[in-house]
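Biologist: I should like to learn how features of a structural model are read. May we begin once it is displayed?

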Amino acid sequence: MAHVGQAPAGDQVKRSKGHEGPRNHLITFAISIILTILAFAAVSIPGISKGFVYTLLVLMAIMQVVVQLAFWMHLKDRGHFWPTLAMIFGALCIVYVVASAVFWIWFV
Amino acid sequence: MSHAHAEGHTIDHLERATLEGKNKILGFWIFLGAEMVIFGTLFAAHIGLRGELNGGVSGSEIFSLPIVAIMTALLLTSSMTSVLAIQAMHRHELKGVALWLGITVLLALGFLGLEIYEFVHYVHEYHFNIQQSPFSTTFYVLVGCHGTHVAIGIVWISLLIGQLFKKGLTVVTAPKVYVASLYWHFIDVVWVFIFTVVYLMGKVG
Amino acid sequence: MVKRWMKRLVPLMAMMVLLLTGCNFELAGALAPKGPVAEQQLDLILWSLIVMIFVLLVVFVLFFTAVFRFRRRRGQDNEIPEQIEGNHKLEITWTIIPIFLLFIMAVPTVALTFNLEEEAQAVEGQRVIKVVGKQFWWEFTYPEEGIVTAQEVYIPVGEKVVFELSSADVIHSFWVPQLSGKKDANPGSKNINYLYLQADEPGVYKGKCTELCGQSHALMDFKLIALEKDEYDAWVADMLEAPVVTAETQVGADLFEQKCLVCHAIDPGMGSVGPNLNGFADRLYIGGFIDNTTENLVNWIKNPVEMKPGVTMPPFENELTTDEINEIVKYLQSLQ
Amino acid sequence: MAHAHAQAHAHAHAHGHKKRYTGVMDWITTVDHKKIGILYLFAGLLFFAIGGLEALFIRLQLAYPMNDVVSAQRFNELITMHGTTMLFLAALPILYGFFNFIIPLQIGARDVAFPFLNSLGFWTFFFGGVLLNIGFFTGDTLPDSGWTAYAPLATEYSAGRGMDMYSIGLQLSGIGTLLGGLNFVVTIVNMRAPGMTMMRMPLFCWTAFITSILIVFAFSALAVGLLMISFDRLFGGNFFNTAAGGNEILWQHIFWIFGHPEVYILVLPAFGILSEVIPTFSRKRLFGYTSMVFATSIIGFLGFMVWAHHMFTVGMGAVANTMFAVATMLIAVPTGIKIFNWIFTMWKGQIRFTAANLFAIGFIPSFTIGGVTGVMLAMAASDYVFHDTYFVVAHFHYVIVGGTVHGIFAALFYWFPKMFGRTLNETLGKITFWLLLIGFNLTFFIQHWLGVVGMPRRVYTYLDGQPGWNEMNLVSTIGALLMGVSVVILVINIVITLMKPKNATNDPWEDGRTMEWAIPSPPPEYNFKQTPLVRGLDAWWVEKRAGNKEMTPAEPVGPIHMPNGSILPFIMSIGLFIAGIGFMYDTLLMIVGGLGILVICMILRSLIDDPGYHIEPEEIEGKGVKA
């Protein structure tokens with residue numbers, strides 16, 4: 001039964017040495033920490049315009065999430081076609097749910 | 001039923017050694033897609049209604065950023081430790097897996113404790129309960145939904161540690177550990193948006 | 001334009017339904033428009049109907065040809081028809097043509113949708129009537145004239161009127177089929193809607209609530225009464241006059257004050273929990289849907305819930321004697 | 001799944017015994033996709049009957065003006081329950097029955113990806129359905145705010161426990177449905193037999209795949225919406241409380257973000273069924289397979305982008321209205337492609353008018369009428385007239401009865417021999433078809449007209465003396481009764497057929513094209529004794545044309561691993577059911593107890609290994625073809 005419906009060929013390929021080392025993950029951790037500190041700092045500094053802070057916060061959150069999805073959750077690895085699709089579709093849904101809620105409640 | 005060849009080339013990916021393991025991981029990804037929509041919808045409600053205070057308190061009045069920062073640090077670190085658990089699993093180090101998962105659970109408990117403290121504090125200090133305003137309702141449902149996920153994760157990972165000691169690292173337990181770690185990362189991902197959208201933006205006003 | 005063609009289509013469709021029902025028949029509702037808004041909407045509907053009937057014809061002709069021509073016949077059991085994979089030319093054809101058809105329908109749709117929206121924006125000096133939907137009746141306020149009325153809304157003929165729609169409880173929807181499409185009356189202060197319509201002929205137009213709003217959703221009717229300008233002005237003046245209580249109606253007036261005034265105002269400009277009853281004698285219907293006769297009114301006061309399930313007004317049959325109810329009715333019928 | 005091997009080496013025979021259950025225990029413990037499929041089918045048919053009765057009462061009430069067959073309150077309960085039951089508890093489960101039974105067979109798998117989850121999904125759906133209908137037993141008010149449950153009517157203005165049943169019952173059955181959808185996605189992605197590429201997959205599997213994706217994403221939105229309603233009703237939340245600053249329109253957005261994909265969730269599988277039935281009975285391959293696949297995907301994708309066309313009259317403004325109007329109209333293009341492809345599949349074929357094919361063919365004109373009225377409704381400015389009138393009722397019944405129900409009946413007649421080993425009576429089937437066709441058109445065609453002349457939907461009665469209303473409503477009611485009769489004949493047909501001996505051959509329609517027709521009817525529990533090798537689109541047809549009597553195997557005959565049945569899913573669902581009732585009636589004990597049962601079962605499930613069992617080659621009747 002093991003060969004029923006072989007998943008995409010990526011699973012069969014041996015990964016290069018070093019991929020599994022903790023370095024990538026520690027770098028991801030460092031990036032996340034830095035982005036988080038920046039986000040908290042942006043809020044604490046007075047005198048920056050609200051719109052700018054909002055944009056900055058959202059951008060940093062998206063960056064952090066993308067990095068975590070790609071490295072910690074291995075989405076960048078081969079054989080993750082369907083998971084990536086699921087995430088993209090989910091993200092799309094979120095974007096339009098949030099957009100419609102914001103559009104409706106704030107602007108109309 | 002030929003696991004013999006499956007064993008050969010996925011020595012470092014025990015969780016994908018069987019079709020069942022692959023199914024479980026793919027299924028869990030699809031489930032995470034559904035979870036994204038669930039949290040996305042709650043975020044939509046929160047973003048839409050967070051300005052509606054109904055005479056109650058606002059986020060900028062009550063949120064305490066130091067606590068949120070500590071919670072963030074705890075959860076982020078726990079996400080990191082769950083990665084280390086997976087790495088230990090790929091090296092077939094049972095004790096390493098259990099150790100890192102144990103640390104993950106401890107950090108998560110710290111996070112959950114702080115969240116409960118935070119909620120109790122709000123209710124006592126500001127009468128900021130679920131009925132106060134649309135802002136409070138969306139706040140508690142969104143953050144509480146995330147907290148519930150953390151609690152479920154704690155129970156789940158604790159049980160997994162027990163299973164690991166009982167059965168060892170096998171093609172049955174490995175996908176479970178992998179999937180649990182995916183779940184845990186996802187909780188961290190959601191938290192990134194919660195501290196950004198709910199707390200930091202709430203603090204800005 | 002093709003308008004005349006469309007107009008011919010209506011009787012054709014009417015004939016079909018007539019054949020199906022075999023009954024007396026007349027064009028009604030949105031098919032008998034009495035104002036520019038409804039007319040534009042009907043034109044759009046008929047235009048789409050023509051295009052769609054064309055589509056239906058194409059599909060049906062192909063479909064029935066296929067079904068009748070290619071049935072399996074005797075002796076074909078061992079024959080295998082050619083296994084056709086597809087045909088790019090055909091497939092492209094039936095992708096492009098529908099896109100074109102949609103395009104010719106989308107353009108007038110977009111135009112009319114924007115047009116209706118723009119016209120409904122209340123401009124300076126525009127007559128605006130505030131509508132509040134309540135379970136299960138409608139309150140109409142004329143802010144400039146200072147009139148509040150219920151169930152029956154008067155407008156002058158040939159003049160654009162904007163309605164400001166909101167609700168006091170659940171979502172209702174405001175629809176006068178012969179004059180315009182509908183729009184929701186939402187509760188809360190945030191989602192207020194504007195709808196505009198215009199009546200070109202005087203008359204009594206039926207209006208309805210079209211959003212499920214509770215038990216008596218079906219009976220949440222109202223009437224829109226279009227009058228010539230001078231009659232309309234007379235009506236306004238009439239409404240503004242304070243009610244006169246004579247010796248004959250004094251008993252009823254006192255009873256009304258004790259029992260009814262808690263919920264029903266009779267002063268021209270006042271809103272109230274129940275419908276404002278100013279000018280009640282001129283109302284055509286009780287509760288928006290029953291003929292305004294003495295007998296019906298007595299029964300209504302005795303037990304309104306029986307006639308209109310779920311109304312907030314409590315039954316008075318145990319609280320008041322029949323005589324007392326008759327006095328109140330007499331008083332109400334004096335409210336010109 | 002835990003039934004995999006406890007050790008990572010290749011000995012396959014050493015462990016595991018089959019736990020044999022019989023009778024009722026067999027059915028509530030089964031994890032076999034075929035049995036679960038049958039459970040879904042019959043549970044769905046049961047709810048279909050209940051929903052049908054509700055529909056008949058609705059039509060009887062409306063047969064005459066100011067009629068009083070039921071009270072206004074009861075009428076609102078009937079329309080709510082009719083809609084909810086038909087969509088969530090009848091149509092979708094029946095389709096799930098076919099998904100479950102047929103998909104693994106069509107892709108050459110031995111089971112679905114998650115057999116345990118499959119069983120859990122079914123029982124959760126079933127008990128959710130019971131919870132939704134529990135007012136019939138407790139005497140409480142039933143849900144009464146329409147299946148759309150618009151706030152604040154559903155939150156602050158609905159007294160009694162009705163809308164709690166709605167929010168909690170639907171939540172449960174939604175979770176069950178979600179689990180099912182997830183299962184099918186993974187099954188189709190991971191479990192296909194060798195050679196079965198995505199573009200060789202039968203179109204039924206494709207539509208099931210897209211449908212399942214829609215389910216996973218759409219039902220999550222619904223879950224949140226229902227959670228919000230529950231919070232507003234049970235814990236004094238303010239999501240939709242306008243007095244406190246909440247927003248009632250938020251519910252409409254969330255509901256329709258789920259609700260519009262739901263329409264495609266119902267109709268896409270019917271498209272898939274047609275794409276199986278019509279080629280079989282035309283003896284011709286599906287015309288334009290590739291464009292059908294793309295059309296399905298595009299419909300699924302666009303289905304997510306057009307939800308607000310249900311809200312044109314809400315006051316979203318001209319920009320939003322026209323955007324959604326145009327996007328909606330675009331859906332007509334891929335749908336049109338499908339219609340023409342079916343017609344051209346029949347073109348130059350040899351059409352046989354079996355009952356199954358009659359339903360499939362009857363689908364085309366009915367659904368086309370539903371489609372064109374759909375385009376008319378999509379035109380925002382026209383929709384101001386049509387919205388919430390009987391025109392809409394007519395439109396979606398043409399789509400759902402003309403589309404989904406026709407598709408379901410076609411599938412029932414088509415796959416019945418495969419599922420039960422007996423062919424349904426053709427004559428009775430044809431009578432069912434003609435009665436349904438006449439009754440359905442009589443009921444709904446006239447409602448287009450009723451709507452335009454001013455009859456709003458969801459009215460419990462109407463006043464006498466409105467031109468033509470009395471006659472038209474009476475005709476509509478007579479049509480509904482005819483439809484009722486046709487369903488009764490179908491039920492009789494099913495019952496008498498099930499009492500006959502099994503006599504269906506592997507390929508009873510003789511022109512079967514897909515792999516389910518290569519194995520016995522009904523299939524053995526392991527489906528394929530050897531996993532088949534797929535050598536082209538319409539795998540079984542390919543083999544037949546090559547002169548083979550069986551599928552070419554992809555593996556030698558060997559022991560087949562099977563999962564053991566389990567009672568846990570049943571008990572878990574009962575736990576959820578108890579907790580649900582606890583939430584409704586504010587009984588902490590029941591909440592804790594119910595959730596406790598659930599958690600204990602989950603712990604048991606995770607701690608106890610169930611390795612399953614093996615069917616040895618000697619047990620498999622007949623010799624397999626040597627690989």
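Modeller: Let us begin with burial: a residue counts as buried when its relative accessible area is under 20%. Please keep in mind that this is a predicted model.

Biologist: How many of the 31 residues of α2(B) are buried?

Modeller: In α2(B), 29 of the 31 residues are buried, so this helix is largely enclosed by the rest of the structure. Helix α2 of chain B covers residues 19-49. Its first and last C-alpha atoms lie 45 Å apart, close to the 45 Å expected at 1.5 Å a residue.

Biologist: How does one read a single position within a helix, and is B:Leu160 buried or exposed?

Modeller: In general, an α-helix has 3.6 residues a turn, so residues three or four places apart point the same way. Here, B:Leu160 belongs to helix α6 of chain B, residues 134-167. B:Leu160 has a relative accessible area of 2% and is therefore buried, the cut-off being under 20%.

Biologist: Which residues does B:Leu160 touch, not counting those up to four places away in sequence?

Modeller: B:Leu160 touches B:Lys176, B:Val177 and B:Ala180 on that basis. By contrast, the C-alpha atoms of B:Leu160 and B:His127 are separated by 39 Å, and these two residues are 33 residues apart along the chain.

Biologist: Why does C:Lys208 count as buried?

Modeller: C:Lys208 counts as buried because its relative accessibility is 9%. The residue sits in strand β9 of chain C, residues 203-209. Its side chain makes a polar contact with the side chain of C:Asp221, at 3.3 Å. Leaving aside neighbours within four places in sequence, C:Lys208 is in contact with residues of chain C, including C:Trp138, C:Phe174 and C:Trp175, and with D:Gly454, D:Pro456 and D:Trp469 of chain D.

Biologist: How does one read an interface, and what is the area buried between chain D and chain A?

Modeller: The size of an interface is often given as the accessible area lost when the parts come together. Between chain D and chain A, about 1,900 Å² is buried, with carbon and sulfur atoms giving 76% of that area. The elements giving two or more residues to the chain D side are α6 (162-190), α7 (203-234) and α8 (248-282) of chain D. Of these, α8(D) gives the most, with 4 residues. By class, this side of chain D has 18 nonpolar, 5 polar and 2 charged residues.

Biologist: How many salt bridges does the rule find across this interface of chain D and chain A?

Modeller: The rule finds 0 salt bridges there, and the count of residue pairs in polar contact, both at pLDDT 80 or more, is 1. In terms of contacts, 25 residues of chain D meet 18 residues of chain A.

Note on methods. Residues numbered from 1 in each chain as written. Chains lettered and ligands numbered in written order. Predicted model: local features only at pLDDT ≥ 70, side-chain atom pairs only at ≥ 80, totals over all residues. Heavy atoms only, no water. Contact = heavy atoms within 4.5 Å. Buried area = accessible area lost by both parts, 1.4 Å probe. Salt bridge = Lys/Arg side-chain N within 4 Å of Asp/Glu carboxyl O. Polar contact = N/O pair within 3.5 Å; in protein donor to acceptor, adjacent residues only side chain to side chain. Nonpolar A, V, L, I, M, F, W, Y, C, P; charged D, E, K, R; others polar. Buried < 20%, exposed > 50% of the residue type's maximum accessible area, 1.4 Å probe, protein only. Expected span 1.5 Å × (residues − 1).
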